[in-house]
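The exercises below concern salt bridges, burial and packing, and each one is followed by a solution that proceeds in steps. Please work from the sequence and the coordinates before reading on.

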Amino acid sequence: MEETIGKHIQKFLRYKGISNKDAGESIGLSESAFEKLLTKDDILISRLFKLSQFSEKNFLQYYYEKEPLESFRKEEFRELQQKLEHAEIVIAKNDLIIETQSKYIKELEAKLKGKK
């Protein structure tokens, strides 16, 4: 059986030594209400944001490999990869232009020195 977000959070908090009371207070819940929250399969994103900030752990990452977010992330990654490849091509072209211009400048400087 797959681990729920509540169990995932609970494991992390135990590992870090963060009490349910402190974690609950960070999102505006009592200790008992927070403990009930940890039994849920789904937690409000606003609570995940606050809890992530409090614990310095990105709990949204739990969902990254779940659909549909996994597909969205893969598509975003593919688009970013294409942009990176395009940027690398532009940089290579600009490097070539700079190299050519540097050679041309040196040639012109040599010609100017020859005329003096």
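Residues are called buried when their relative accessible area is under 20% and exposed when it is over 50%, while those in between are partly exposed. The model to which these classes are applied is a predicted one.

**Exercise 1.** Determine how many salt bridges a search of the whole structure finds, and classify the accessibility of the residues in the one between glutamate 3 and lysine 11.

*Solution.* The search of the whole structure yields five salt bridges. In one of them the side chains of glutamate 3 and lysine 11 meet, with an N to O distance of 2.8 Å, and this distance satisfies the cut-off of within 4 Å. Glutamate 3 has a relative accessible area of 29% and is therefore partly exposed, whereas lysine 11, at 55%, is exposed.

**Exercise 2.** For the salt bridges between lysine 21 and glutamate 25 and between glutamate 99 and lysine 103, work out how the partners are placed along their helices.

*Solution.* Begin with lysine 21 and glutamate 25, whose side chains meet at 2.9 Å, N to O. Both residues lie in helix H2 (residues 20-26), where four residues, or about one turn of the helix, lie between their positions. Lysine 21 is partly exposed at 42% relative accessibility, and glutamate 25 is likewise partly exposed, at 48%.

Turn next to glutamate 99 and lysine 103, whose salt bridge has an N to O distance of 3.5 Å. These two belong to helix H5 (residues 69-115) and are four residues apart, so about one helical turn separates them. Glutamate 99 has a relative accessible area of 43%, which means that it is partly exposed.

**Exercise 3.** Identify the buried residues of helix H4 (residues 45-55) and decide how they are arranged around its axis.

*Solution.* The buried residues of H4 are Leu48, Leu51, Ser52 and Ser55. They cover an arc of only 105° around the axis, and therefore they lie on the same side of H4. The elements against which these buried residues pack are helix H1 (5-16), H2 and helix H3 (31-37). Just after H4, glutamate 56 adopts a positive phi of about 60°.

**Exercise 4.** Which residues have the most contacts inside the largest nonpolar core, and which helix gives the most to it?

*Solution.* The largest nonpolar core has 17 residues, and Ile5, Ile9, Phe34, Leu48 and Leu51 are those with the most contacts inside it. At least two residues of this core come from each of H1, H3 and H4, with H1 giving the most, namely four residues. Leaving aside neighbours within four places in sequence, phenylalanine 34 has contacts that include Ile9, Leu13, Ala23 and Leu51.

Key
Residues numbered from 1 in each chain as written. Predicted model: local features only at pLDDT ≥ 70, side-chain atom pairs only at ≥ 80, totals over all residues. Heavy atoms only, no water. Buried < 20%, exposed > 50% of the residue type's maximum accessible area, 1.4 Å probe, protein only. Arc of directions from axis to C-beta. Contact = heavy atoms within 4.5 Å. Core = buried A, V, L, I, M, F, W, Y, C linked by side-chain atoms within 4.5 Å.
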